[in-house]
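Work through the exercises below with the model open. Each task is followed by a stepwise solution.

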Amino acid sequence: MKRSRSARDEILAQLQQFAADQPAPFDFHVHTVWTDGQNSSLEMYQEAVRVGLEVMLFSEHARKSSDWFGQFAEEIRALPKLGCAALIGVEVKALDFEGNIDCSEEILEECQLVMGSVHREKAARTGVAFEVNAHYHPDPWFLIGACRKAGATISLGSNAHALGDVGRILRVLRGQEPPWNPSGP
Ligand SMILES: [Zn+2]
């Protein structure tokens, strides 16, 4: 199954709808041993099911030269269906301010969502999601407010590199875990 525009639009629409006091049980920023994560895709997926996620995006780092992406995508498609949708994604580097990214067409074809670092006003213009990330943003609720004002779609991501990180953005938004603290360890 290749990327379909309607599936992507539906995901973006769901993200758009999530209510301020009820963050949707999504985590859209997860890494595995395919890149710099510590756990396999199956382990991360099982953890997602355990903490009650409904959608998880495997957002591996990739570049134009990443020849392993097809195998990775195959592995994600072969995960057991345990009540959480496992999506194939990529975290890409922006090459310029015009929106060009260091990613091949073959990789983009496999992906349901592409994550790049974008300016949130630009996100509002182009209809891509702006990520609220538990790792880098000391005050995620402030960022959500700013995104809403700019009309940007919000994506929730933990930048998870190990089991304990899966779904962390939701625990932060619910006040169950502190956000990343720039002055902390
Ligand atoms: Zn990442």
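A residue is buried if 20 or more other C-beta atoms lie within 10 Å of its own. Keep in mind that this model is predicted.

**Exercise 1.** Determine how many residues of strand β1 (residues 26-30) are buried.

Solution. Apply the cut-off of 20 or more C-beta atoms within 10 Å to each residue. The count is 5 of 5, and β1 is mostly covered. For the whole protein, 41% of the 185 residues count as buried.

**Exercise 2.** Find how β1 is joined to strand β2 (residues 55-61), and trace the chain between them.

Solution. Start with the pairing: 3 bridges join the two strands, which run parallel. Next, locate a facing pair: Asp27 stands opposite Met56 in β2. Now follow the chain. From β1 it passes through helix α2 (residues 41-50) to reach β2, a right-handed β-α-β crossover.

**Exercise 3.** Identify the residues that touch the most other members of the largest nonpolar core.

Solution. The core holds 41 residues. Met56, Phe58 and Val90 touch the most other members. By strand, β3 (residues 85-92) gives the most to this core, with 5 residues.

**Exercise 4.** List what Phe58 contacts beyond its neighbours within four places in sequence.

Solution. Take the C-beta cut-off of 7 Å. Phe58 is then in contact with Val30, Thr32, Ser41 and Ile76. Its list also includes Ala86, Leu87, Ile88 and Gly89.

**Exercise 5.** Set out the secondary structure of the protein.

Solution. Count the elements: 7 helices and 6 strands. Then read along the sequence: the pattern is α-β-α-β-α-β-α-β-α-β-α-β-α. Finally, turn to contacts between residues at least 6 apart in sequence: 72% join residues at least 24 apart.

Methods. Residues numbered from 1 in each chain as written. Predicted model: local features only at pLDDT ≥ 70, side-chain atom pairs only at ≥ 80, totals over all residues. Buried ≥ 20, exposed ≤ 12 C-beta atoms within 10 Å, placed from the backbone. Helix = DSSP H or I, 4+ residues; strand = E, 2+ residues; numbered from the N terminus. Pairing = 2+ DSSP bridges. Right-handed = clockwise from strand over helix to strand, strands pointing away. Core = buried A, V, L, I, M, F, W, Y, C linked by C-beta atoms within 7 Å. Contact = placed C-beta atoms within 7 Å.
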